[in-house]
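Subject: Structure for you to look at

Hi,

Here is the structure I promised to pass on. Please open it alongside this note and follow along.

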Amino acid sequence: MIPWKYSKTMKYPNNNKKTAKFLAKTVLDLVGVDKSIDSTFCELFGGLGYVSRELKPYVKNIIINDIEVYSSMINTAYMSVWIPRHIEKLLMSLNKNIGFKTGLIYKYYSSEGKITTPCFSPENAMKIDTIRTQITAWHKLGVINFDSYCYLLTSLLEASVRVANIQHTFDSFNSPIHKRMYLPLELLPLDRKDDSGNFHIQRSCAKDYINKIEGDVLFLNPPKSGCNYHINYHVLNTICLYPKVEQVEMFGKFNKINYKFKHTPFHTKRKYLENMEFILANAKFKYIILDCNKEICEPLHPILSKYGEFSILEHLYNIRVRDVARYRLKTTSQKHSYFYLLEKKGY
Ligand SMILES: C[S@@+](CC[C@H](N)C(=O)[O-])C[C@H]1O[C@@H](n2cnc3c(N)ncnc32)[C@H](O)[C@@H]1O
């Protein structure tokens, strides 16, 4: 069993895990809690889909879009309606399957591989390779359907994060090596609920997809740093795309990945404003909630007013931070998050 101090969920920059309950309540105040009402919520920059997970029991139609492959896998796993009971038996059998297969993960990301600072121990890398191959084999043989395939793959992604030699994201590898890397990889059941509803997971660029959807509430949490998330999460994409991965080329001490599409369409302030205006103008939704720090958002005020009436929502919550000054490891501090709620004209 993995010691509790390492059993953490995936770190994901600017995710809405801590604010999901607040946001879900805001959405339900707008559309009502009755699932028989035909309301539609969409997360256009879905990431790990925390807000949608909260809304799953209450909103009939949920759309989650994100450009990354791992995001669509994870969201399919958490949002699918029903997962067969025997999935836990399959998880157990994968855990017992001690792998000695050396595949892509061993080759690119283990200390025996080409990488300068390793991401996985050779044993865990072989185990990931073996489990990944087995999941595909079961899917091809019809032992599992697509939703179960995404479930098992997501469990593998989460397990890989727990034993990865990383600080925060996959582009900051620990050197010297963190002892977490030597924990045995173990697949765990996902913390999810079966629930009826229409859940659609999409992998498109937000700018292309916005014209194809309509609904009641649109939630926008676009990337706030200039880089695409696959720069940091290439390991997860490699596990998902396996074995159809192009040559993984890493460079530098921290194994940065060499990608053609480094920047998001939101990478400069000018591009951010331009593209957000495009999304706001084309959104066929009555309400739009925008997750945004005040600094980026202030220049958006004239644009927001052009498309309707907006208000600012403030959410205050506790976070645990390192208290270096007092030699205490963790202390509680309060954090403010701001969201913009726009009621779009003409809807
Ligand atoms: C701040 S995160 C969203 C976090 C999410 N709300 C959560 O709770 O996990 C921004 C997301 O936007 C995605 N993204 C970046 N550029 C995109 C684009 N052009 N179209 C769609 N998604 C994009 C990233 O992959 C990332 O998952």
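Start at strand β1, residues 40-43. Thr-40 and Cys-42 point one way from β1. Phe-41 and Glu-43 point the other way. All of these are buried. The general rule is that side chains in a regular strand alternate between the two faces of the sheet. Keep in mind that this is a predicted model.

β1 has partners. It pairs with strand β2 (residues 61-65) in the parallel sense, over 4 bridges. To find the spot, look at Glu-43, which stands opposite Ile-64 in β2. β1 also pairs with strand β4, again in the parallel sense, over 3 bridges. Here the residue to pick is Cys-42, which stands opposite Leu-218 in β4.

Next, β4 itself. It covers residues 214-220, and 6 of its 7 residues are buried, so the rest of the structure largely encloses it. β4 pairs with strand β7 (residues 284-291) too, in the parallel sense and over 6 bridges. Gly-215 of β4 has Phe-285 as its bridge partner in β7.

Stay on β7 for Ile-289, which sits in this strand. Is Ile-289 buried or exposed? It counts as buried, because it has 23 C-beta neighbours inside 10 Å and the cut-off for buried is 20 or more. Ile-289 and Phe-219 are 70 residues apart along the chain, yet their C-alpha atoms are separated by 4.8 Å.

Asp-208 makes a good contrast. It lies in helix α8, residues 206-209. Asp-208 has 10 C-beta neighbours inside 10 Å, so it counts as exposed; the cut-off there is 12 or fewer. It also has a distant partner in sequence to look at: Ile-279 is 71 residues away along the chain. In space, the two are 9.3 Å apart, C-alpha to C-alpha.

Now the helices. Two packed helices are described by the angle between their axes and the distance between the axes. There are two pairs to view.

The first pair is α3 (residues 69-79) and α9 (residues 234-241). Their axes come within 8 Å and cross at roughly 65 degrees. α3 and α9 are therefore roughly perpendicular to each other. α3 passes α9 in a left-handed crossing.

How many residues of α9 are buried? The count is 7 of 8, so α9 is largely enclosed by the rest of the structure. The buried ones are His-234, Val-235, Leu-236, Asn-237, Thr-238, Ile-239 and Cys-240.

The second pair is α4 (residues 87-96) and α7 (residues 146-162). The axes of α4 and α7 come within 11 Å and cross at roughly 45 degrees. That angle makes α4 oblique to α7. The crossing of α4 and α7 is right-handed.

Last, the ligand. Which residues come nearest to the ligand? They are Asn-15, Asn-16, Phe-45, Gly-47 and Ala-206, out of 21 residues around it. By class, the shell around the ligand has 11 nonpolar, 8 polar and 2 charged residues.

If you have time for one view, put β4 in the centre. From there you can trace β1 on the one hand, paired over 3 bridges, and β7 on the other, paired over 6 bridges.

Best wishes

Note on methods: Residues numbered from 1 in each chain as written. Predicted model: local features only at pLDDT ≥ 70, side-chain atom pairs only at ≥ 80, totals over all residues. Helix = DSSP H or I, 4+ residues; strand = E, 2+ residues; numbered from the N terminus. Pairing = 2+ DSSP bridges. Near = placed C-beta within 6 Å. Nonpolar A, V, L, I, M, F, W, Y, C, P; charged D, E, K, R; others polar. Axes fitted to C-alpha atoms, helices over the stretch in contact; angles between N-to-C directions. Parallel < 35°, antiparallel > 145°, perpendicular 65-115°, else oblique. Left-handed = near helix turned anticlockwise from the far one by under 90°.
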